[in-house]
Amino acid sequence: MLEFLNDKLSNHIIYGILIVIVWILIGKIVKKILDTMFRKLFQRTKTTLDERILSVIRTRITLIAALIGLGIAFREARKAFVVEQITANQIIDYLTIALYLVIVFTITRIVAKIIQVTLEWYMEEVSAKTKTDVRGTIAPLTTKIINIIL
């Protein structure tokens, strides 16, 4: 077991795992801060839009933190390999590209959900002011269009 801990690759993998764990904890702390401080602040406003947007961001914050930690962990794992280890470096490159795609997809979904929540809120506001129900007709159409675009 001690020989495993003396291995350069093992050390960098352990550091990488620790980095991901720390970033997940950071994400949970940020989520807790969003739950307490910002929720109290947003409850003082007259609209519910900010609370809805906060809810969308809050649900994905730990995932975003974990992805950031994973990116840093990949950089840490790369330190274990020398330039001549082409296959290992290519694997790290492919994993980094895949991680980048996951991050882009996650951010795109968050933006789409924020747009959807904003439109739903707006439809509710219009429905309340005009005493008509536009949510049932326009909201599904706009949601589909946003999902197609994004």
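## Helices and selected residues in a predicted model

From the N terminus on, the elements of the protein follow the order α-α-α-α-α. The structure described here is a predicted model. In total, the secondary structure comes to 5 helices and 0 strands.

**The protein as a whole**

The protein has 150 residues, of which 26% count as buried. Its accessible surface comes to about 10,500 Å², and carbon and sulfur atoms account for 69% of that area. Contacts can also be sorted by the separation of the two residues along the chain: among those between residues at least 6 apart in sequence, 65% join residues at least 24 apart.

**The pairing of helix 2 and helix 3**

Helix 2 covers residues 8-43, and helix 3 covers residues 49-78. The two helices pack with their axes 8 Å apart, at an angle of about 165°. Angles over 145 degrees count as roughly antiparallel, and helix 2 and helix 3 are therefore roughly antiparallel to each other. The crossing of these two helices is right-handed.

Several residues illustrate this pairing. H12 lies in helix 2, while E76 has its place in helix 3. Is H12 buried or exposed? H12 has a relative accessible area of 12%, and because buried means under 20%, this residue is buried. The same cut-off applies to E76, which is buried because its relative accessible area is 11%.

Not counting residues up to four places away in sequence, H12 touches E76, A77, K79 and A80. With neighbours within four places likewise left aside, E76 is in contact with H12, Y15, G16 and I19. The contact between H12 and E76 thus appears in the list of each residue. For E76 and Y15, the C-alpha atoms are separated by 7.2 Å, although the two residues are 61 residues apart along the chain.

I24 is another residue of helix 2. Which residues does I24 contact, leaving aside its neighbours within four places in sequence? They are T62 and A66. I24 is partly exposed, with a relative accessible area of 28%. The C-alpha atoms of I24 and G69 are separated by 7.4 Å, and these residues are 45 residues apart along the chain.

I26 is also found in helix 2. At 34% relative accessibility, I26 counts as partly exposed, because partly exposed covers values between the limits of 20% and 50%. Its C-alpha atom is separated by 9.5 Å from that of I61, a residue 35 residues away along the chain.

S55 belongs to helix 3. With a relative accessible area of 34%, S55 is partly exposed. The C-alpha atoms of S55 and V117 are separated by 9.8 Å, and the two residues are 62 residues apart along the chain.

The C-alpha separations described above are collected in the following table.

| Residue pair | Separation along the chain | C-alpha separation |
|---|---|---|
| E76 and Y15 | 61 residues | 7.2 Å |
| I24 and G69 | 45 residues | 7.4 Å |
| I26 and I61 | 35 residues | 9.5 Å |
| S55 and V117 | 62 residues | 9.8 Å |

**A residue of helix 4**

N89 is found in helix 4, which comprises residues 86-130. Its relative accessibility is 13%, and N89 therefore counts as buried. Leaving aside neighbours within four places in sequence, N89 is in contact with R78, F81, V82 and V83.

What kind of contact joins the side chains of N89 and R78? A polar contact of 3.5 Å joins them. R78 is thus one of the residues in contact with N89, and the two side chains also share a polar contact.

How values were computed: Residues numbered from 1 in each chain as written. Predicted model: local features only at pLDDT ≥ 70, side-chain atom pairs only at ≥ 80, totals over all residues. Heavy atoms only, no water. Helix = DSSP H or I, 4+ residues; strand = E, 2+ residues; numbered from the N terminus. Buried < 20%, exposed > 50% of the residue type's maximum accessible area, 1.4 Å probe, protein only. Polar contact = N/O pair within 3.5 Å; in protein donor to acceptor, adjacent residues only side chain to side chain. Contact = heavy atoms within 4.5 Å. Areas by Shrake-Rupley, 256 points an atom, 1.4 Å probe, with all protein chains shown as cover. Axes fitted to C-alpha atoms, helices over the stretch in contact; angles between N-to-C directions. Parallel < 35°, antiparallel > 145°, perpendicular 65-115°, else oblique. Left-handed = near helix turned anticlockwise from the far one by under 90°.
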